[in-house]
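Hi everyone, thanks for coming along this morning. I'd like to walk you through one structure, so please have a look at the screen and follow along with me.

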Amino acid sequence: MLELLYSPSIISKLLVLLTFFHALLRLKTKKRINQYLFYILGISVLAELSNIYLKFNNLSYDTFITFRVVISTILWFRILYMIFKAKKLIVATIIAFSLFAFVNLLFMEGPLQFNYYTLIFGAFLYILFFVFESFNQLKRDNFYFFQSNKYILIVSPLIFFFGLSLLFFFKSYYLVSNTIIQNVKLFTYFNIIVNIIFYASLNYYILKEKR
């Protein structure tokens, strides 16, 4: 248990908890888009608490985190649905992603390990939609879109999706397996940086929503 508490990953866990409580106290959940964000944060808190329990009991966490990725990604697509105009295309994307996740879970990577391809596929689709919509807004000279609080929200998971999917896509042995301090993998520190950017952006969004 002491090893878990002194692990650098405790920073990520604290970020999740603090952001969740920040949202609980300040986020206007009457808005549907904020409800989806609150669900994402709630799932993250549940995942982190489950992670602590499973690690303490030497149980596998991979299957649980796969479901976390699937549900959270679908919720992020729902947020895009609330903002973007291509509603039918986003619905089709949610269906395609869900089917891929189901097939991958049962027949490809399997239920006993983390489904990397599901994360990569979901991240690719999200980034694709984000870039496509950003170009559309630029063509319309809608610069207000890039200054809006909603834009901050949909930008938030970009680094998270892009960084982790790129890492897993190339399956970098150095980043995933190499250690630097007290047998802690370099991937752990990489993950912390990604989470700091991600949750800092979400907290900034929550602050601006309160104003």
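Let me start with a term. A salt bridge is a side-chain nitrogen of Lys or Arg within 4 Å of a carboxyl oxygen of Asp or Glu. Keep that in mind, and keep in mind too that this is a predicted model. With that cut-off, the structure holds three salt bridges. We'll come back to them after a quick tour of the fold.

So, what is in the chain? There are ten helices and two strands. If you read along the sequence, the pattern goes α-α-α-α-α-α-α-α-α-β-β-α. The chain has 211 residues, and 44% of them are buried. If you take the contacts with a separation of 6 or more, 67% are between residues 24 or more positions apart. As for the outside, the chain exposes about 12,100 Å², and carbon and sulfur atoms supply 69% of that.

Let's pick one helix and check its length together. Helix α2 has 17 residues, and at 1.5 Å a residue it should span 24 Å. Its end C-alpha atoms are 24 Å apart, so the expected span and the model agree. Which residues of α2 are buried? They are S12, K13, L15, V16, T19, F20, H22 and A23. Here is a handy rule for looking at lists like that one: an α-helix has 3.6 residues a turn, so residues three or four places apart point the same way.

Did you spot a lysine in that list? K13 is one of the buried residues of α2, and K13 brings us back to the salt bridges. K13 forms a salt bridge with E48, with the closest N and O atoms 3.7 Å apart. The two partners come from distant parts of the chain: K13 sits in helix α2 and E48 in helix α3, 35 residues apart. Both E48 and K13 are buried.

E48 has another partner as well. The side chains of R68 and E48 meet in a salt bridge at 3.6 Å, N to O. R68 lies in helix α4 and E48 in helix α3, so this pair ties together parts that are 20 residues apart in sequence. Is R68 buried or exposed? R68 has 15% relative accessibility, so it counts as buried, because buried means under 20%. E48, at 12%, counts as buried too. Put these pairs together and you get a network of salt bridges linking K13, E48 and R68.

The remaining pair is E209 and K31, whose side chains meet in a salt bridge at 3.3 Å, N to O. E209 is in helix α10, while K31 is in the loop between α2 and α3, and they are 178 residues apart. Here the partners fall into separate classes: E209 is buried, with a relative accessible area of 10%, whereas K31 counts as partly exposed at 42%.

Now let's go inside. The largest nonpolar core has 44 residues, and W76, I79 and I154 touch the most other members. Helices α2, α3, α4, α5, α6, α8 and α10 each supply at least two residues of this core. Which helix gives the largest share? That is α4, with eight residues. If you zoom in on I79, leaving out residues up to four places away in sequence, you'll find that I79 touches I33, Y36, L37, I40, L153 and I154.

From the core, let's move to the surface. F102, V103, L106, F107, M108 and Y117 form a nonpolar patch there, with about 630 Å² of accessible area together. Helix α5 supplies the largest share of the patch, five residues. One of the patch members is F107, which has its place in α5. With a relative accessible area of 64%, F107 counts as exposed, because exposed means over 50%.

Compare that with another phenylalanine, F121, in helix α6. F121 is partly exposed, with a relative accessible area of 26%. Leaving out residues up to four places away in sequence, F121 touches A96, F97 and F100. And one last pair to find on the screen: F121 and F161 are 40 residues apart in sequence, and their C-alpha atoms are 9.9 Å apart in space.

That's my tour. Thanks for listening, and I'm happy to take questions!

Conventions. Residues numbered from 1 in each chain as written. Predicted model: local features only at pLDDT ≥ 70, side-chain atom pairs only at ≥ 80, totals over all residues. Heavy atoms only, no water. Core = buried A, V, L, I, M, F, W, Y, C linked by side-chain atoms within 4.5 Å. Buried < 20%, exposed > 50% of the residue type's maximum accessible area, 1.4 Å probe, protein only. Helix = DSSP H or I, 4+ residues; strand = E, 2+ residues; numbered from the N terminus. Contact = heavy atoms within 4.5 Å. Patch = residues over 30% accessible without salt bridge, like charges linked within 9 Å, V, L, I, M, F, W, Y side chains within 5 Å. Areas by Shrake-Rupley, 256 points an atom, 1.4 Å probe, with all protein chains shown as cover. Expected span 1.5 Å × (residues − 1).
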